[in-house]
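Subject: Structure handover

Hi,

Here is the structure I promised to pass on. Please open it next to this email and follow along.

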Amino acid sequence: MGQEIENMRIHFYGVQGSGSIFPSKEERAAARLQSDLQLLEQVFKRLQDEHSEDGQLKGSIRDVLGGEPERNSLTKFREQLELVEPRVYGGWTTCFRIETADDYDIVIDCGSGFRICAEDIMQKWGEKEERHLYIFGSHAHFDHTEGFDQAAICFDPRNHIHILANHQYLQALDQNLGIFSHHIDMEVGGIQTPLHYELMPANFDSTEIRDLERYPASAEDDPMVGTFHHINEPIVLGDTTIQPFEVFHPDPCLGFRIEHNGKVFVYCTDHELRKGDDEDHPLQIASREAEQRVIEHATDADVLYRDGQFLEIEYHGHQGINSPIGVSRKDWGHSCIEDVVAMAERCRVKQTYIGHHDPNRTWSERNWIDETLVRRSEQSGRLFEMAKAETVIDL
Ligand SMILES: [Zn+2]
Ligand SMILES: [Zn+2]
């Protein structure tokens, strides 16, 4: 997209939960069949239009095609047809990018989608002198950090990479790579990746987002932390404010409300609205309180990205996901699609993208859920969609 950014441009690079997935042989064959049938249908419709009443073709095939049947004329002919691209739901694990009108580059989470995301940022930067990337991390789980050391942006000494996240996220990067402390624990080094800070010449610095009222920072804190930021205070980058908030997940996890010039994007990955029987269970209480924070931050948002990994029937284990055996998903840290839709409607969110797709969910099932969401959108006048990689939203 070449046009000017009005406020924020949001790119979805990875929306897949838990691990990267790509369509199976059968799913590719099904998509191909769908495309082929669509193409044949359109071609024969065109030929029918070229028929006279007695069923004869008015001109030659060459007339219909506008030339001999070779690459150029076939390409031109195809361009005139109304073909719909097959929908893509899977792909890389979590990574989002935000470009702002005042030229800040922001990334949220470094799942495997970060590799391509970073390529695009480097391409945009070209020979630019001011090379600053702000990365916000939600939590330390592998599917939100795995793409970090695969990104070309970490290997150019001109680049400044500022990472703002909770303690666990910073620690996950530092333990494996030593990018902040310039030290690697011998027990951990080399196990997950052959790379480390000496091989990664970009400039890295860290800001720990923490509840400083409950857990004040002290001098004895980890040497990996550059600065601390109180969770209740917004982080200001030019005209953009980023407000972190705690969600509910087995590993401490942050959501972010990003606002630019009155436009609001809320990012809420890996959050569970827990569905237990005991309302007084400590986890049930913590989940309810976190859900309340999500509601507060998402109310009247323009765009919400939220984890909806399961259908309710799957969460309770009454039905398996691409498996005949249902397993309870309680305390796995993810929410139900039905709850996300209900919450977004109550909060008057304009566009809701439901992601962190379960890796076991088949393409056809994703399609089926997406079509159900499209019907819901038509009824409610608000947009609901299964999040798809390569989506770009201008706000
Ligand atoms: Zn995740
Ligand atoms: Zn997680």
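Below is what I found, from the overall layout down to single residues.

**Ground rules**

This is a predicted model: local features need pLDDT of at least 70, side-chain atom pairs count only at pLDDT 80 or more, and totals for chains, interfaces and linings use all residues. Residues are numbered from 1 along each chain as its sequence is written, while chains are lettered from A and ligands numbered from 1 in the order in which they are written.

**Overall layout**

The protein has 9 helices and 15 strands. Both are DSSP runs numbered from the N terminus: helices are H or I with at least four residues, strands are E with at least two. Along the principal axes, the C-alpha atoms fill a box of roughly 90 × 55 × 45 Å.

There are 395 residues, and 37% of them count as buried. Buried means 20 or more other C-beta atoms within 10 Å of the residue's own; exposed means 12 or fewer; partly exposed is in between, with C-beta atoms placed from the backbone.

Contacts with a separation of 6 or more were also tallied: 68% of them join residues 24 or more positions apart. A contact means two C-beta atoms, placed from the backbone, within 7 Å.

The protein splits into domain 1 (8-22 + 90-394) and domain 2 (25-79). These bounds come from an automatic or database domain assignment. The C-alpha centres of the two domains lie 44 Å apart.

**Where the chain ends meet**

Start with strand β1 (residues 8-14). It is largely enclosed by the rest of the structure, because 6 of its 7 residues are buried. β1 pairs with strand β2 (residues 95-100) in the antiparallel sense, over 6 bridges. Pairing requires at least two DSSP bridges between the strands. One bridge sets Gly14 against Cys95 in β2.

β1 also pairs with β15, again antiparallel, over 3 bridges. There, Ile10 has Ile393 as its bridge partner.

Asp394 lies in β15 (residues 392-394). It counts as partly exposed because it has 14 C-beta neighbours inside 10 Å. Asp394 and Glu6 are 388 residues apart in sequence, yet their C-alpha atoms are 7.5 Å apart. Beyond its neighbours within four places in sequence, Asp394 is in contact with Glu6 and Arg9.

**The seven-stranded sheet**

7 strands form an open sheet with mixed pairing, in the order β8-β9-β10-β11-β12-β13-β14. β8 (235-237) and β14 (383-386) are the edge strands, each pairing on one side only. Direction ignored, neighbouring strands are turned by 15° against each other on average. Axes here are lines fitted to C-alpha atoms, for helices over the stretch in contact, and angles run from 0 to 180 degrees between N-to-C directions.

Helix α6 (residues 282-298) packs on this sheet. α6 touches β9 (240-246), β10 (254-260), β11 (263-268) and β12 (303-307), and its direction makes about 165° with that of β9.

At one edge, β8 and β9 run antiparallel, joined by 3 bridges. Val236 has Thr241 as its bridge partner in β9. The β8 and β9 hairpin has 2 residues between the strands, and Gly238 takes a positive phi near 60° there. β9 and β10 are also antiparallel, over 7 bridges. Ile242 stands opposite Ile258 in β10.

At the other edge, strand β13 (residues 351-355) and β14 run parallel, joined by 4 bridges. Tyr353 is partnered by Glu385 in β14.

**The core**

The largest nonpolar core has 79 residues. Such a core is a set of buried Ala, Val, Leu, Ile, Met, Phe, Trp, Tyr and Cys residues joined through C-beta atoms within 7 Å. Phe96 and Tyr267 are among those with the most contacts inside it. Leaving out residues up to four places away in sequence, Phe96 touches a set including Ile10, Phe12, Val107 and Tyr267.

**Two backbone oddities**

Most residues other than glycine have a negative phi. Asp103 is not a glycine, but its phi is positive, about 70°. Asp103 sits in the loop between β2 and β3 (105-108). His182 is not a glycine either, and has a positive phi of about 55°. It is found in the loop between α5 (167-177) and β6 (203-210).

Best wishes
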